[in-house]
Amino acid sequence: MSAVPETPAAPSRPTVTEREARQVAEAAREQDWRKPSFAKELFLGRFRPDLIHPHPLPADEDVRRGEEFLAKLRDFCETKVDGAAIEREARIPDEVINGLKELGALGMKIDTKYGGLGLTQVYYNKALALVGSASPAIGALLSAHQSIGVPQPLKIFGTREQKETFLPRCARTDISAFLLTEPDVGSDPARLATTAVPDDGGDYVLDGVKLWTTNGVVADLLVVMARVPRSEGHRGGITAFVVEADSEGVTVENRNAFMGLRGLENGVTRFHRVRVPASHRIGEEGQGLKIALTTLNTGRLSLPAMCVGAGKWCLKIAREWSAEREQWGKPVALHEAVGSKIAFIAATTFALEAVVDLSSQMADEDRNDIRIEAALAKLYGSEMAWLMADELVQIRGGRGFETADSLRARGERAVPAEQMLRDLRINRIFEGSTEIMHLLIAREAVDAHLSVAGDLIDPDKSLGDKARAGANAGAFYARWLPKLVAGPGQLPGAYGEFKHGIDLSPHLRYVERTSRKLARSTFYAMSRWQGRMETKQGFLGRIVDIGAELFAMSAACVRAELLRSRGDHGREAYQLADAFCRQARLRVEELFGRLWSNTDDLDRKVVKNVLGGSYTWLEDGVIDPSDDGPWIADATPGPSTRENARRPIR
């Protein structure tokens, strides 16, 4: 028997500076751009409609297989899934999960040679939108299993033996989960404390605690991120492992409960001296974060796909209710205050579906680098879906605030609008919060600038390095800046192929002009703040939000033209695209105004005073209903003292 390392007596959480934490994150991101990226070009002031138009389409066989599965899934959801019961009981019944397994839903994205369905990203997303509308908890279970759980990282980084061992299980029988977050570690993985210590036999021994392990309560297989100490023969670093959930020393210490997604099997998982074979390591030591980020490049698309489903449902309920409900002699939909909300929901649902379908098809074709597009889809989808659900609650009035069970009990249609709002709220936090997504996308958006001029603002670089960077930057900007002065967006006839009754070409000309303005604004900010640019999170967030709107406008126009060319509600699609673009342009102009006219500096002063206790008098007059427990639970490695809450599916 190989020797097992002693468990640490206290947490071995690394102490890192902000700069060191950034360096860890930077080392994990993909450094090169080997394929074109529409969104990357957009942020650089180069509108490239040739990368997205004509709209890419799936192969006929992919469509046939995808539609065939969607029909089976719809029948299953309509006959076997009781979303209201899942909400009431806070649990997806075993028979429903087993039914999904028999249907092949666990293997939607797994290749057919491993027993999966081999669906495209486009149809995987459509399936998630469908099942998520029946029960968001089921959508979350399937997404966590396939988008970030064992199948996706193995598909990209796994060995042949790992794929042959684990993928058939994931396709039909085994649920997987992804474990990265810890009680004191969220978006700052440099402080990851869970360890994987090599033993004398070449295997690893895991110790640590993981928080918010979606699917962790019912999972059979886990992807675990843990830190391997550097030692002779081991490069060390954050590393990914496949772990059997029923291994000795694995304990689910708590099943967490949330304001929404009440059927979510999410918990706290402790590892105590858990032996993991070296053959279960994914990739090399130190590649864990890179694996996680690469997995999320397409994995993030599942979340906005379910947001599309939410938008479609919001539109259906808003249409039916506002036509039925009358006030002051006419349906409430015909009152402008309500009608504007319905128009927003309709136009935004159309645009969001355009963004997700376009990004997904590009992912399937693998011709473009979609890391920014997928991140924008996640950011934009989560924010817009929340707004649409909030508007639906407002349209429904008091009934929007009332639970579906209460509505049913007093004889009215059980519309779970308030549940939709609760369920959607987590999407602005899941898989990268809005604030983190702003920073992640901003980093990618300014990559070209940092590639040529980064050394100029790096305090660790020598004078020689800075001189060379200055020369490179001068050459780059001498070529780039003049191209931001004029472009097709200033030509009245540009993009005329988007004029069919309703004229969408002005919106595309606006996107072209505005992308150049966005690039000029970014360049000016970098010149003004230089090394302090990374601290200007308010500015960077607005830059990203502008880019998101421009991407959505482009996708909406391209989708409208696709539908028109196919004779598929083309006139209506053009109208929705026109409405969305007009709404988006107003938001863009407001964001541009707030780039330079805002309260960011004053806000920072207020925050310092809040933290310094200057305003504690403002908190007088209330009672804090919280208890006096610790803000962050103790995660000291060691054996579990709690009963195992793991619930295997029977």
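This is a chat about helix packing, cysteines and one histidine in a predicted model.

Reader: Before we start, what are the ground rules for this model?

Author: It's a predicted model, where local features need pLDDT of at least 70 and side-chain atom pairs count only at pLDDT 80 or more, while totals for chains, interfaces and linings use all residues. Residues are numbered from 1 along each chain as its sequence is written, and side-chain values use heavy atoms, with hydrogens and water left out.

Reader: Ok, helices. At what angle do α12 and α13 pack?

Author: About 155 degrees, with the axes 10 Å apart; α12 covers residues 336–365 and α13 covers 371–396. Helices here are DSSP runs (H or I, at least four residues) and strands are too (E, at least two), numbered from the N terminus. Axes are lines fitted to C-alpha atoms, for helices over the stretch in contact, and angles run from 0 to 180 degrees between N-to-C directions.

Reader: So parallel or antiparallel?

Author: Roughly antiparallel, a label for angles over 145 degrees (under 35 is roughly parallel, 65 to 115 roughly perpendicular, the rest oblique).

Reader: Which residues make that contact?

Author: On α12 they include F344, I345 and L352, and on α13 they include M384, L387 and L392. Contact means heavy atoms within 4.5 Å. The residues of this contact divide into 13 nonpolar, five polar and three charged. Nonpolar is Ala, Val, Leu, Ile, Met, Phe, Trp, Tyr, Cys and Pro; charged is Asp, Glu, Lys and Arg; the others, Gly among them, are polar.

Reader: And what about α21 with α22, what's the geometry there?

Author: Helix α21 (537–565) and helix α22 (570–596) pack at about 165 degrees, axes 9 Å apart. That makes α21 roughly antiparallel to α22. By class, their contact has 20 nonpolar, one polar and eight charged residues.

Reader: Switching topic: how many disulfides are there?

Author: Zero, after a search of the whole structure, with a disulfide being a pair of cysteine sulfur atoms within 2.5 Å. Take C307: the nearest cysteine sulfur belongs to C314 and is 10 Å away.

Reader: Is C307 buried or exposed?

Author: Buried, with a relative accessible area of 0%. Buried means under 20%, exposed over 50%, partly exposed in between (1.4 Å probe, protein chains only). C170 is buried as well, at 0%.

Reader: Last one: where does H335 lie?

Author: In the loop between β10 (330–331) and α12. H335 is buried, with a relative accessible area of 19%.

Reader: What does H335 touch?

Author: Q327, W328 and K330, not counting residues up to four places away in sequence.
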